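Please look through the sequence and the model below before reading on. The paragraphs that follow lead from a single residue to its surroundings, and then to other parts of the chain.

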Amino acid sequence: LIAQAAAGQPPADAVLHLGDIAGNLSDEDSQRGDRFIEMLQPLASRVPYLTLPGDRDDLPAYHQFFHMPCNGSGAASPWYAFNLGQARVVTLWTDALLDGGGDGARQLEWLQKELAVFAASV
């Protein structure tokens, strides 16, 4: 994908990288994250590159390197939705389901609102 994009022929309209992005991006004083971003640059500069952290990703480091669409909650969170052509893509952060409240409750509340907006539009 990266080689095709670097050659000016992006192979997709967008890339969804869902979980376990690159290990701990903050390793080596964040140099691992810098190298990872540099490697992605030919692709991410040509098509939207959207991510979702996995269970092995350090959330503060993830937020340092990736800024995804805002979900309207007023706080940075790993779940969000966006339009891609005629599709509405909803990403959910499964780690939030494990905390027994807090993020899980916030994500569920957000999802219910997101689905209600969609239901009202059809």
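**A walk through the predicted model**

Threonine 91 has its place in strand E4, which covers residues 87-91. The model is a predicted one, and the values given here are computed from it. Is threonine 91 buried or exposed? Its relative accessibility is 6%, and because residues under 20% are classed as buried, threonine 91 counts as buried. Leaving out residues up to four places away in sequence, threonine 91 touches Leu52, Pro78, Trp79, Tyr80, Phe82 and Trp110.

Two of these partners, Leu52 and Trp110, lead on to a core of seven residues, which also includes Ala81 and Trp93. That core is the second one and is separate from the largest nonpolar core, which has 13 residues. In the largest core, the residues with the most contacts inside it are Val15, Ile21, Leu25, Phe36, Leu43, Tyr49 and Phe66, while helix H2 (31-44) and helix H3 (59-65) each supply at least two of its residues. In soluble globular proteins, nonpolar side chains tend to be buried together. Leucine 25 can serve as an example of the surroundings: apart from neighbours within four places in sequence, leucine 25 is in contact with Ser30, Arg32, Gly33, Phe36, Ala61, Tyr62, Phe65 and Phe66.

Helix H2 deserves a longer look. Its 14 residues should span 20 Å at 1.5 Å a residue, and because its end C-alpha atoms are 19 Å apart, the two values agree. The helix nevertheless bends by about 30 degrees at glutamate 38, and proline 42 follows within four residues. The buried residues of H2 are Gly33, Phe36, Leu40, Pro42 and Leu43, and what covers them includes helix H1 (2-6), strand E1 (15-18), strand E2 (49-52) and H3.

Trp110, already met as a contact of threonine 91, is also one of the buried residues of helix H4, together with Gly104, Gln107, Leu111 and Glu114. These buried residues cover an arc of only 130 degrees around the axis, so they lie on the same side of H4. An α-helix has 3.6 residues a turn, so residues three or four places apart point the same way. On the other side of H4, Lys113 and Ala120 are exposed, whereas the cover over the buried residues includes strand E3 (80-84) and E4. Helix H4 itself, residues 103-121, has 19 residues and reaches 27 Å from its first C-alpha to its last, close to the 27 Å expected at 1.5 Å a residue.

Charged residues add a further part to the picture. Side chains of opposite charge can pair when their charged atoms come close. How many salt bridges does a search of the whole structure find? The search finds six salt bridges, and one of them joins glutamate 114 to arginine 88, with the closest N and O atoms 2.7 Å apart. This pair links distant parts of the chain, since glutamate 114 is in helix H4 and arginine 88 is in strand E4, 26 residues apart. Glutamate 114 counts as buried at 15% relative accessibility, whereas arginine 88 counts as partly exposed at 38%.

Another salt bridge is formed by arginine 32 and aspartate 27, whose closest N and O atoms are 3.5 Å apart; arginine 32 is partly exposed with a relative accessible area of 30%, and aspartate 27 counts as partly exposed at 28%. The side chains of arginine 35 and glutamate 28 also meet in a salt bridge, at 3.0 Å from N to O.

Key: Residues are numbered from 1 along each chain as its sequence is written. This is a predicted model: local features need pLDDT of at least 70, side-chain atom pairs count only at pLDDT 80 or more; totals for chains, interfaces and linings use all residues. Side-chain values use heavy atoms; hydrogens and water are left out. A nonpolar core is a set of buried Ala, Val, Leu, Ile, Met, Phe, Trp, Tyr and Cys residues joined through side-chain atoms within 4.5 Å. Buried means under 20% relative accessible area, exposed over 50%, partly exposed in between (1.4 Å probe, protein chains only). Contact means heavy atoms within 4.5 Å. The expected span of a helix is 1.5 Å times one less than its number of residues. The arc is that of the directions from the helix axis to the C-beta atoms. The bend at a residue is the angle between axes fitted to the seven residues ending there and the seven starting there. A salt bridge is a side-chain nitrogen of Lys or Arg within 4 Å of a carboxyl oxygen of Asp or Glu.
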